Amino acid sequence: MRTSTLISALIAAPFALAVPPDLSTPLQQILNQAHQGPLYTYPTSLTQDIIPKLIHSHNDYWRDVPFYSAISVGAVSVEADVWLYNGTLHIGHEQGALTNTRTFESLYINPILDTLQRQNPTNSSFLTAPTHNGVFDTNGAQTLYLFVDVKTPGTTTWPYVVKALEPLQSGGWLSTVNSSNEFTPGAVTVIGTGNTPLNQVQPVTPRYYFYDAPIPTLNSTFSNITSLVSPIASTDFGTNFGPVPGTSLNDTQLALLRAQVASAHAKGIMLRYWDQPGWPISTRNGIWRQLKSEGVDIINVDDLEGGAGFSDESNYW
């Protein structure tokens, strides 16, 4: 219950504790009243009990509450489509979905910053030094991958993305590469995709953002790309493999998958395939299971609850 009601809890009152019906009445009363006082709460409890899972919230801005819905189920990766108009980065899948209020700042930068501040309180008398934990209370070292999918021309849009990241960068929250090509992990790892221009990412040092390289050409067109430029590479599942004949890849498709996994991992690059089959559910689940078992690092999901709950069935996450 905690994870599924996290967002309403942030805005309204503390959520009720789910109590099994077969408990004794006195124990039920203790559990029901536990959160009425300070004993069972603590400063960094915003993401309490949420276990990070290696899933990517595809088209995250379609969620009921972008970003928060994703972390409420433990997704370690989210995706924001940005469109530049009159100096503002708007969020949406297409132009007709854009509004003046749904911006990169309002839906992603500010909520992420607020979550990090909640997970790293500064007013505690117990602190001996500042902390830089990530968004998950159960694993402060887990980075949040923030994919920024640039929809308008990249040459003009990307500088505005970099500017928008400044509050996260100045707070020391972002993964970085310094001028000596040394990587330092941070609470958030920003990866430009879509129309993001490689020439505004790769040669920049020091740098606090990265590039989503295409999986199929990691050994050809993009052979000079390393994990310091592209920690995660992606590609369209359907374009790459073609139709899935049943609930798993055929021998030819599987051979291609294994070659691409080996090629990327040899460079220290993780993989993500987007737009896998979403229906029938048996096909979707079969492909999820096969991708994970073959070494694909981040599983792209459109159904957040289905992706998060899949671990209960397969223990693959």
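Trainee: Which residues form one aromatic cluster with Trp158?

Mentor: This is a predicted model, in which local features need pLDDT of at least 70 and side-chain atom pairs count only at pLDDT 80 or more, while totals for chains, interfaces and linings use all residues. Residues are numbered from 1 along each chain as its sequence is written, and side-chain values use heavy atoms, with hydrogens and water left out. Rings of Phe, Tyr and Trp (its six-membered ring) pair if their centres lie within 6.5 Å; planes under 30 degrees apart count as stacked, over 60 as edge-to-face and the rest as tilted. The partners of Trp158 in the cluster are Tyr208 and Tyr209.

Trainee: How are the rings of Tyr208 and Tyr209 arranged as a pair?

Mentor: The structure holds 9 aromatic pairs. In the pair of Tyr208 and Tyr209, the ring centres are 5.3 Å apart and the planes stand at 80°, so the arrangement is edge-to-face.

Trainee: Is Tyr209 buried or exposed?

Mentor: Buried means under 20% relative accessible area, exposed over 50%, and partly exposed in between (1.4 Å probe, protein chains only). Tyr208 has a relative accessible area of 17% and is buried. Tyr209 has 7% relative accessibility, so the residue counts as buried.

Trainee: Which helix gives the most residues to the largest nonpolar core?

Mentor: A nonpolar core is a set of buried Ala, Val, Leu, Ile, Met, Phe, Trp, Tyr and Cys residues joined through side-chain atoms within 4.5 Å. The largest one has 78 residues, and those with the most contacts inside it are Phe104 and Tyr108. With 7 residues, the greatest contribution to this core comes from residues 104-119, helix H4.

Trainee: Which residue in E7 is the bridge partner of Leu146?

Mentor: Strands (E, at least two residues) and helices (H or I, at least four) are DSSP runs, numbered from the N terminus. Two strands pair if DSSP finds at least two bridges between them; strand E4 (residues 144-150) and E7 do so in the parallel sense over 7 bridges. Strand E7 (residues 188-194) is mostly covered, as 6 of its 7 residues are buried. Within E7, the partner of Leu146 is Val190.

Trainee: Which strands stand at the edges of the open sheet of 3 strands?

Mentor: The sheet has the order E9-E10-E11, with parallel pairing. E9 is joined to strand E10 (residues 232-236) by 2 bridges, and Ala213 stands opposite Ala233 in E10. Each edge strand has a single partner strand, so one side of each is left without a neighbour in the sheet; these are E9 (213-214) and E11 (270-274).
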